Amino acid sequence: MERYKQEIHGQLLDGPSELTDPERNLLRLAREAMDRAYAPYSGFRVGAALRMADGAIVTGNNQENAAFPSGLCAERIAFFAAGSAYPGVAITDLAIVASSENFSVEHPVAPCGACRQVMLEYELNQDLAIRMIFSGDKGRIIRMEGAHHLLPLFFHEVSLRR
Ligand code: THU
């Protein structure tokens, strides 16, 4: 039997002062989007901001629903909006931020598994890694150099081909 092992790599930054100016700007736009989230049930607001290769910015925030599973995460809303408005334009950067009505989010908030799967398909299609930063209200920030780092063992559409 062969041992199977994959590693993920990222960077842990002490705070926003270690970000580049474009990253700080994208994070600010993600925070503005987060403030517009519709999260009356969880009280947990998430904002996502994407920078497109042509400079356009697309944002998303979580949208909840009384029928809980009908809601959607900020990240998927942003990615689907980008795919819908700018088909064929690569996504170069993503910033995610989250905040709770009930506690202070002092760690970087990374995307859920379903969002990782969606992000990865866009990344594979465009053949360009999406740089990502994850933040909370305060504290450390994670930087990753592509969605493939988040989901090393993923479901790939070739599995659907006959
Ligand atoms: N949420 C996101 O928007 N992104 C994630 O990656 C995880 C969770 C939202 C969904 C729900 O509205 C709230 O956060 C609590 O789970």
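Colleague: What makes the A74 and ligand pair a polar contact?

Modeller: In this predicted model, a backbone N or O atom of A74 lies 2.9 Å from an oxygen atom of the ligand. A polar contact is a pair of N or O atoms within 3.5 Å, so the pair qualifies. Likewise, a backbone N or O atom of C112 is 3.0 Å from a ligand oxygen atom, and an N or O atom in the side chain of E75 is 2.8 Å from a ligand nitrogen atom.

Colleague: Which residues are around the ligand?

Modeller: Among them are S42, F44, N62, E64 and P111; the rule is a heavy atom within 4 Å.

Colleague: How do you know that the length of α3 agrees with its number of residues?

Modeller: The expected span is 1.5 Å times one less than the number of residues. Helix α3 (a DSSP run of H or I, at least four residues) has 14 residues and should span 20 Å; its end C-alpha atoms are 20 Å apart, so the two agree.

Colleague: Why is M119 called buried?

Modeller: Buried means under 20% relative accessible area with a 1.4 Å probe, protein chains only, and M119 of α3 falls in that class, as do C115, V118, L120 and E123. M119 is also one of the residues touching the most other members of the largest nonpolar core, which has 27 residues. Such a core joins buried nonpolar residues, Leu and Met among them, through side-chain atoms within 4.5 Å.

Colleague: Any notes on conventions?

Modeller: Residues are numbered from 1 along each chain, and side-chain values use heavy atoms, without hydrogens or water. Local features need pLDDT of at least 70, side-chain atom pairs count only at pLDDT 80 or more, and totals for chains, interfaces and linings use all residues.

Key: Helices (H or I, at least four residues) and strands (E, at least two) are DSSP runs, numbered from the N terminus. Buried means under 20% relative accessible area, exposed over 50%, partly exposed in between (1.4 Å probe, protein chains only). A polar contact is a pair of N or O atoms within 3.5 Å; within protein, one must be able to donate a hydrogen and the other to accept it, and residues adjacent in sequence count only if both atoms are side-chain atoms.
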